[in-house]
Amino acid sequence: MTSNTTKEDFFSTNKNFDQLYPLPISRLSNLHWTPIEIARKAADFLSVTPGANILDIGAGVGKFCLNAGYYAKDCNFFGVEQRSNLVAIANQVQRQLGIRNASFIHGNFTQLDFSAFDHFYFYNPFYENLVDESLHIDDSIAHSESLYEYYAGYLYTLLDTRPPGTRLATYQSSHTRIPASYQLVSSDIDTLFSCWIKNT
Ligand SMILES: C[S@@+](CC[C@H](N)C(=O)[O-])C[C@H]1O[C@@H](n2cnc3c(N)ncnc32)[C@H](O)[C@@H]1O
């Protein structure tokens, strides 16, 4: 990127966007951060009502929220992330890009009041608990299969309490535990990207 680089240039390719991050973080992009084209599709699906509050569960360095906020300017994107160093990087890039409708919360999603949010997105946030440490983002937090079970159960129970009409977009996440109250309305890229609406 050069001194003539515009804001639009950053949103034009994954390579350009990832250059906003420190090298050790951009190197994790293929495995851990949402591609810009998926963020755009999810933003289109989730931003049905102006002013809606949309939560990314496990926001990492904010790649989903920042891209979604850029494309869906009349909605508010929030990301909750358990690793404070990733939240700091997300906040820094948010300021650099001036994306005012994206913000980040440091904490565990289990601490959040889900009634503050209208629609939800996630990219397989608990997967690190099931894989070898070489595939972890870092070693700053504990991982275990029992944590996976705990978080997955907690999240799907919470999603089941949301009102009819709630939208959910998922990327690279299993369909098997999505509550039956959510209807699959579209699926793309060999089912890696899926859109759901709660109907009961
Ligand atoms: C695959 S990354 C996705 C990041 C971001 N949503 C994106 O797509 O660019 C999953 C993130 O979820 C976070 N995470 C996992 N469990 C969490 C929890 N219980 N509470 C908050 N964040 C969590 C991880 O630290 C990691 O940064």
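This passage describes the overall dimensions, the strand pairing and the nonpolar cores of a predicted model.

The protein contains eight helices and seven strands, and its C-alpha trace spans about 50 × 40 × 30 Å along the principal axes. For 200 residues, a compact globule would be expected to have a radius of gyration near 16 Å, and the value of 16 Å found for the protein agrees with this. Half of the picture lies inside, in that 50% of the 200 residues count as buried, while the accessible surface amounts to about 9700 Å², with 50% of it belonging to carbon and sulfur atoms. Among contacts with a separation of 6 or more, 66% are accounted for by residues 24 or more positions apart.

Strand 2 (residues 76–81) is paired with strand 3 (residues 102–106) in the parallel sense, over five bridges, and Glu81 has His106 of strand 3 as its bridge partner. Between these strands the chain passes through helix 7 (residues 84–97), forming a β-α-β crossover that is right-handed.

The largest nonpolar core comprises 43 residues, of which Phe64, Phe77 and Tyr121 have the most contacts inside it. At least two residues of this core come from each of several elements, including helix 6 (63–71), helix 7, strand 3 and strand 4 (119–123), whereas helix 5 gives the most, with seven residues. When neighbours within four places in sequence are left aside, the contacts of Phe77 include Ala43, Ile54, Phe64, Cys65 and Ala68, as well as Asn101, Ala102 and Ser103. A second, separate core has 21 residues, among them Ile57, Phe114, Phe120 and Ala152.

Notes: Residues numbered from 1 in each chain as written. Predicted model: local features only at pLDDT ≥ 70, side-chain atom pairs only at ≥ 80, totals over all residues. Heavy atoms only, no water. Pairing = 2+ DSSP bridges. Helix = DSSP H or I, 4+ residues; strand = E, 2+ residues; numbered from the N terminus. Right-handed = clockwise from strand over helix to strand, strands pointing away. Core = buried A, V, L, I, M, F, W, Y, C linked by side-chain atoms within 4.5 Å. Buried < 20%, exposed > 50% of the residue type's maximum accessible area, 1.4 Å probe, protein only. Contact = heavy atoms within 4.5 Å. Rg over C-alpha atoms; globule rule 2.2 N^0.38 Å. Areas by Shrake-Rupley, 256 points an atom, 1.4 Å probe, with all protein chains shown as cover.
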